[in-house]
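Thanks for making the time this morning. I would like to walk through one model with you, going from its aromatic residues to its strands, one helix and a loop.

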Amino acid sequence: MSPLGDCAITVKLGDQVDVETHTKVRVLSDYLTQHPFNGLIEFIPAFTSVTIVYDPLLLFVNNSKESPAGEIQYPYDLVRNQLITILERLNEGTVPEPKVVDIPVCYGGEFGVDLVHVAEINGLSTDEVIRIHSGGQYLVYMLGFAPGFPYLGGMDKRIAAPRKESPRLAIPPGTVGIAGEQTGIYPIQTPGGWQLIGRTPLSLFLPDRQPPTLLEAGNLIRFYPITREQYDRWGE
């Protein structure tokens, strides 16, 4: 554990990006969701860690009222001690079943301008790239980079493709891309250097809802192909 500024603490749960470490991240995150401690503002799961953001003033005031004179603890120490107790009693086997989210994708054409390139560098046809990409199941390790952007694990190495040397300045929301051995979905318009292979009509960033994202860490994603006509009529 280590402090992150004066109102957050980072709990590192592993050194590798793998399912074992992700499970530990999920277990701690789920526990904090169900048992938020006094002063907790939010927590941020990542590949190998969870960062807990807390209200130091609230913790200090409450502790000042409850503790004898001269025994007041710093807010960081209060949170750290609570987290030590939580980690000691967590059972890694209590992680809930993952939610499966099916994502429709219109592959190729103007939505996937790099699909042909991804196929060529891997010695495949575009249909084979689509079949491989839509045939997998992808674990959402974390959200980041942009609101609702999922960092996914589980992509088949047969369709891996390097990032572009010069990133595009504006990639439309819903665009599905490949970078190295990862695939992902752009939730909002942003610059980006991923190879673009398709687009989903689903909205990943939902600021008026709670939670404000379609996906969450721990979800499993399955992509499936749709036609351009289906894409245009989606949501009617």
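**Aromatic cluster, strands and a loop**

Let me begin with the aromatic side chains, where Phe47, Tyr141, Phe145, Phe149, Tyr151, Tyr186 and Trp194 form one cluster. Please keep in mind throughout that this is a predicted model. Across the whole structure, a search finds 10 aromatic pairs. One of them joins phenylalanine 145 and phenylalanine 149, whose ring centres lie 5.2 Å apart with the planes at 80 degrees, so this pair is edge-to-face. A second pair, tyrosine 186 with tryptophan 194, is also edge-to-face, at 6.4 Å centre to centre and with 75 degrees between the planes.

Which of these residues are buried, and which are exposed? Phenylalanine 145 is exposed, with a relative accessible area of 54%, whereas phenylalanine 149 is buried at 2%. In the other pair, tyrosine 186 is buried with a relative accessible area of 1%, and tryptophan 194, at 8% relative accessibility, counts as buried too. Phenylalanine 145 deserves a further remark about its backbone, since this residue sits in the loop between strand E6 (138-143) and strand E7 (150-153) and has a positive phi of about 70 degrees although it is not a glycine.

I turn now to strand E5. Of the eight residues in this strand, residues 100-107, six are buried, so E5 is largely enclosed by the rest of the structure. What are its partners, and in which sense does it pair with them, parallel or antiparallel? With strand E13, residues 220-225, E5 runs parallel, and six bridges join the two; within that pairing, valine 100 stands opposite leucine 220. With strand E12, residues 195-199, the pairing is antiparallel and extends over two bridges, and there the bridge partner of tyrosine 107 is glycine 198 in E12.

The two partners of E5 that I have just mentioned bring us to the loop between E12 and E13, where threonine 200 has its place. Threonine 200 is buried, with a relative accessible area of 2%, and its side chain reaches the backbone nitrogen of leucine 202 at 3.2 Å. If we leave aside neighbours within four places in sequence, threonine 200 is in contact with Ile103, Pro104, Val105, Gly174, Val176, Ile185 and Tyr231. The C-alpha atom of threonine 200 is separated by 6.4 Å from that of threonine 175, although the two residues are 25 apart along the chain.

Asparagine 219 belongs to this loop between E12 and E13 as well, and with a relative accessible area of 5% it is buried. A polar atom of the asparagine 219 side chain lies 2.8 Å from the backbone nitrogen of glutamate 216. Again setting aside neighbours within four places in sequence, the contacts of asparagine 219 are with Lys99, Val101, Tyr138, Leu139, Val140 and Leu214. One more point about the backbone here concerns proline 211, which is also found in the loop between E12 and E13: the peptide bond from glutamine 210 to proline 211 is cis, with omega near 0 degrees.

For a helix, I have chosen H3, residues 75-89, which has 15 residues and reaches 22 Å from its first C-alpha to its last, close to the 21 Å expected at 1.5 Å a residue. Where around this helix do the buried residues lie? Those residues are Pro75, Leu78, Val79, Leu83 and Ile86. Seen down the axis of H3, they fall within an arc of 125 degrees, so they line one face of the helix. As background, an α-helix has 3.6 residues a turn, so residues three or four places apart point the same way.

Finally, there is an open sheet of four strands, with the order E1-E2-E4-E3 and antiparallel pairing. Its edge strands are E1 (2-3) and E3 (40-45), each of which pairs on one side only. Between strand E2, residues 8-12, and strand E4, residues 49-54, there are five bridges, and these strands run antiparallel. In that pairing, valine 11 has valine 50 in E4 as its bridge partner.

Key: Residues are numbered from 1 along each chain as its sequence is written. Side-chain values use heavy atoms; hydrogens and water are left out. Buried means under 20% relative accessible area, exposed over 50%, partly exposed in between (1.4 Å probe, protein chains only). Two strands pair if DSSP finds at least two bridges between them. A polar contact is a pair of N or O atoms within 3.5 Å; within protein, one must be able to donate a hydrogen and the other to accept it, and residues adjacent in sequence count only if both atoms are side-chain atoms. Contact means heavy atoms within 4.5 Å. The expected span of a helix is 1.5 Å times one less than its number of residues. The arc is that of the directions from the helix axis to the C-beta atoms. Rings of Phe, Tyr and Trp (its six-membered ring) pair if their centres lie within 6.5 Å; planes under 30 degrees apart count as stacked, over 60 as edge-to-face and the rest as tilted.
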